[in-house]
Amino acid sequence: MTVSEKMVSDLVANDVTFATTVPCKQLGTVIDLIEENDAIHHVPCNKEDEGMGLAAGAFMGGKRPTIIMQNTAIGVTVNTLVTLTQYYRMPLPMLISYRGELGEPVACQVEMAVHTKGLLEQLKIPTFHFHHPDDVGEFDAILKHTFMCNKPVAILTDASFWQGY
Amino acid sequence: MIRSEVIKSLVPVLAEQLVVCNIGLPSQELHLLDDRETNFYMLGTMGLSSSIGLGLALAQDKTVISIDGDGSVLTNLGTLPTIANNVANNYILLIIDNGSYGSTGDQPTYAGKKTSLTAVAEACGCENVIECQAEEAPAVLQKAIDSQQMTVIVCKCESGNIKVPVITMDPVVIRDRFMKAVAS
């Protein structure tokens with residue numbers, strides 16, 4: 001089973017039935033598998049804060065949501081994370097590609113990478129960093145943790161985890 | 001008619017429906033006029049009323065009405081293509097378009113100038129887009145509910161505000177009672 005297959009399998013096993021996504025090369029296979037999976041309602045969004053609104057609505061409608069995005073989105077969504085997801089105490093596993101780490105070919109990505117963990121720390125968002133493919137073994141427990149504590153939770157997946165770009 | 005008068009006229013139509021209400025004065029006015037457990041008041045996050053409502057409509061079968069403003073839709077303009085391409089026939093987006101940012105002091109929006117949100121929604125692919133005048137809003141909204149087709153209503157009204165108290169209810173209480181109403 002590939003790491004992408006494991007992630008989607010864990011989402012389904014944890015009854016995560018609503019996913020909103022923005023395009024990403026590294027998470028592309030996960031997004032494709034979600035699109036193909038009848039158990040998960042997939043709604044592509046145009047911006048990540050919009051996606052967090054969709055996820056909040058889906059949660060209040062009785063579904064467990066997830067959002068798939070890049071780490072640049074942390075810069076976009078600070079207000080939404082604080083005044084919607086956290087303020088109303090809603091769970092949201094955020095599966096994030098961590099651009100700008102070792103192996104990154106695009107210099108500008110490093111500019112946001114250096115702020116990513118600092119912002120997540122400032123927002124007191126539980127953060128898990130997948131660096132080795134074996135780290136995917138924790139994904140199931142992270143999903144359970146997220147829906148136990150009703151918080152947004154970040155899973156940062158870097159280029160080493162994906163074994164290149 | 002100004003927005004608070006439009007909302008007052010809509011109260012009998014909104015009663016018993018799931019309502020996601022825009023941040024600031026619209027939520028404060030609805031809360032003052034007819035506080036119900038079926039109302040979800042946004043206390044922050046300008047622009048996401050339509051997105052929260054769509055997510056809710058896609059997740060369950062009851063009718064959902066998002067009350068939004070022209071300024072808030074302009075803030076989250078990407079919502080209209082998402083709505084158009086993810087049809088939920090239990091979803092109604094009601095944009096109360098007074099051509100101004102009411103909650104911050106009635107500064108003009110571009111929707112009050114050259115931009116038509118009705119035309120934007122149609123160009124985004126929304127299929128049932130109805131522009132109406134303030135006085136027509138209750139009948140238009142009731143018809144949209146009865147049609148069981150996803151509808152975007154752009155209700156034109158005058159700019160202006162009344163004094164209303166802020167909502168002091170805890171956000172988790174708002175969310176919890178709303179979720180119980182959704183599930184009941």
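The exercises below work through a predicted model. Local features need pLDDT of at least 70 and side-chain atom pairs pLDDT 80 or more, while totals for chains, interfaces and linings use all residues. Residues are numbered from 1 along each chain as its sequence is written, and chains are lettered from A in the order in which they are written.

**Exercise 1. Describe the fold and compactness of chain A.**

Step 1. Count the elements: chain A has 8 helices and 6 strands. Both are DSSP runs, numbered from the N terminus (helices: H or I, at least four residues; strands: E, at least two).

Step 2. Read along the sequence. The pattern is α-β-α-β-α-β-α-α-β-α-β-α-β-α.

Step 3. Check the radius of gyration, taken over C-alpha atoms. The globule rule is 2.2 Å times the number of residues to the power 0.38. Chain A has a radius of 14 Å, close to the 15 Å that the rule gives for 165 residues, so chain A is as compact as a globular protein of that length.

Step 4. Look at burial. In chain A, 47% of the 165 residues are buried (20 or more other C-beta atoms within 10 Å of the residue's own, with C-beta atoms placed from the backbone).

**Exercise 2. Find the side of chain A that touches chain B.**

Step 1. Count contacts (C-beta atoms, placed from the backbone, within 7 Å). Here 25 residues of chain A are in contact with 26 residues of chain B.

Step 2. Name the elements. Strand 2 (41–44), helix 3 (48–60) and helix 5 (78–86) of chain A each give two or more residues. Helix 3 of chain A gives the most, with 9 residues.

Step 3. Sort by class. This side of chain A has 11 nonpolar, 9 polar and 5 charged residues. Nonpolar means Ala, Val, Leu, Ile, Met, Phe, Trp, Tyr, Cys and Pro; charged means Asp, Glu, Lys and Arg; the others, Gly among them, are polar.

**Exercise 3. Work out how helix 3 and helix 5 of chain A pack.**

Step 1. Take the angle between N-to-C directions, from 0 to 180 degrees, using lines fitted to C-alpha atoms over the stretch in contact. The angle is about 5 degrees, and the axes are 10 Å apart.

Step 2. Classify it. Angles under 35 degrees count as roughly parallel, so helix 3 of chain A is roughly parallel to helix 5 of chain A.

Step 3. List the residues. Asp49(A), Met52(A) and Ala56(A) in helix 3 meet Thr80(A), Leu84(A) and Thr85(A) in helix 5. By class, this contact has 3 nonpolar, 2 polar and 1 charged residues.

Conventions: A residue is buried if 20 or more other C-beta atoms lie within 10 Å of its own, exposed if 12 or fewer, and partly exposed in between; C-beta atoms are placed from the backbone. Two residues are in contact if their C-beta atoms, placed from the backbone, lie within 7 Å. Angles under 35 degrees count as roughly parallel, over 145 as roughly antiparallel, 65 to 115 as roughly perpendicular and the rest as oblique.
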